[in-house]
Amino acid sequence: MTGSQFGLGRLHADNVTLRYDERTISRNLSVAVPDGSFTVIVGPNACGKSTLLRALSRLLVPASGQVILDSRSISDLSAKDVARRLGLLPQSSIAPEGIAVADLVARGRYPHQSFFRQWSKADEESVIAAMEATRVTDLSGRLVDELSGGQRQRVWIAMVLAQETPILLLDEPTTFLDIAHQIELMDLLAELNRQGRTIVAVLHDLNHACRYASHLIAMKDGAIVAEGNPSAIVTERLVKDVFGLPSVIIPDPVSNTPLIVPKGRQVAPVVHLDTSARAGKERHRD
Ligand SMILES: Nc1ncnc2c1ncn2[C@@H]1O[C@H](COP(=O)(O)OP(=O)(O)OP(=O)(O)O)[C@@H](O)[C@H]1O
Ligand SMILES: [Mg+2]
């Protein structure tokens with residue numbers, strides 16, 4: 001299957017070859033992001049997910065082929081023009097030293113400013129809304145360098161949200177987040193998607209991917225192995241082919257989407273030995 005069967009939307013890569021110097025990561029790859037979709041890209045480490053996201057956001061120029069954004073080659077658009085249409089949360093970012101949270105989030109507004117249009121009330125409102133949505137308002141005066149990993153990740157997400165682009169590309173946005181913040185972020189992205197934004201996220205959690213994606217792309221060795229609705233494409237065979245992982249797939253009891261339960265190497269159930277006296281007493285009481 002290829003992306004083209006879904007109709008080419010605002011953002012697509014046509015026959016791109018992506019490489020770093022002599023190392024080719026993807027050859028003749030075509031990917032179409034369906035407009036209005038919540039697209040999730042999954043695949044093993046080093047298969048080329050971040051490389052694809054970098055190409056889709058103009059950070060990496062394809063060796064051949066092209067990325068099209070709004071019917072134009074993305075390389076013909078200025079960085080600012082791209083940044084008004086598409087926001088990117090990279091896999092890792094380093095904040096300028098000594099910058100405060102609110103100032104970093106405010107940088108998301110840069111693409112909307114010009115010599116003639118300086119900081120406005122609309123900019124202020126976007127920054128406040130983005131910080132509230134990611135629950136970093138209380139941190140606004142703190143230095144980004146001094147935050148925990150999860151707090152810092154939420155600040156970066158706030159910055160991308162403040163950019164207010166119709167398309168959002170997020171590379172492992174749930175990294176560093178505890179389980180509650182992960183779900184909160186996924187729900188926030190789903191809400192933004194319902195409001196009309198196109199979301200593209202790289203995720204390692206297959207169950208989140210199945211629960212939230214309207215369009216799932218499974219990659220391996222720089223190529224697309226399968227794509228489509230998670231319920232249609234996620235099978236034990238696909239998980240084995242892509243990740244080399246034996247699993248059992250059952251319906252997620254909450255969302256009824258595929259829930260991947262890894263088998264791992266363990267065949268027999270683990271017996272936990274607890275030799276403490278207290279545990280013994282409690283067992284006895286039962
Ligand atoms: N700047 C770079 N220069 C050279 N090679 C690179 C560079 N960035 C990535 N690579 C290589 O490209 C390949 C794909 O990397 P990429 O970051 O796209 O993988 P990924 O699928 O995002 O993996 P992960 O799940 O670990 O984030 C890897 O072999 C990696 O070593
Ligand atoms: Mg990556």
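Where is the place of Ile179? Select Ile179 in this predicted model: the residue belongs to helix 6, which covers residues 179-194. Is Ile179 buried or exposed? Ile179 is exposed, because 8 other C-beta atoms lie within 10 Å, and a residue counts as exposed at 12 or fewer. Add Pro90 to the selection: from C-alpha to C-alpha, Ile179 and Pro90 are 21 Å apart in space, and in sequence they are 89 residues apart.

Next, go to the sheet. Select strands 2, 1, 4 and 5, in that order, to display an open sheet of four strands with antiparallel pairing. The edges are held by strand 2 and strand 5 (72-73); each has a single partner strand, so one side of each has no neighbour in the sheet. Now select helix 1, which packs on the sheet and touches strand 1 (11-20), strand 2 and strand 4. The direction of helix 1 makes about 120 degrees with that of strand 1.

Stay with the strand 5 edge. Strand 4 (residues 64-69) pairs with strand 5 over two bridges, in the antiparallel sense. Pick Leu69 to find one bridge partner, Arg72 in strand 5.

Finally, select ligand 1 and the residues around it: Tyr20, Arg23, Ile25, Gly43, Asn45, Ala46, Cys47, Gly48, Lys49, Ser50, Thr51 and Gln91. Two elements, strand 2 (23-33) and helix 1 (49-56), give two or more residues to this shell. Which element gives the most to the shell around ligand 1? Helix 1 does, with three residues. Colour the shell by residue type to see four nonpolar, six polar and two charged residues.

Key: Residues are numbered from 1 along each chain as its sequence is written. Chains are lettered from A and ligands numbered from 1 in the order in which they are written. This is a predicted model: local features need pLDDT of at least 70, side-chain atom pairs count only at pLDDT 80 or more; totals for chains, interfaces and linings use all residues. A residue is near a molecule or strand if its C-beta atom, placed from the backbone, lies within 6 Å of it. Ala, Val, Leu, Ile, Met, Phe, Trp, Tyr, Cys and Pro count as nonpolar, Asp, Glu, Lys and Arg as charged, and the others, Gly among them, as polar. A residue is buried if 20 or more other C-beta atoms lie within 10 Å of its own, exposed if 12 or fewer, and partly exposed in between; C-beta atoms are placed from the backbone. Two strands pair if DSSP finds at least two bridges between them. Two residues are in contact if their C-beta atoms, placed from the backbone, lie within 7 Å. Axes are lines fitted to C-alpha atoms, for helices over the stretch in contact, and angles run from 0 to 180 degrees between N-to-C directions.
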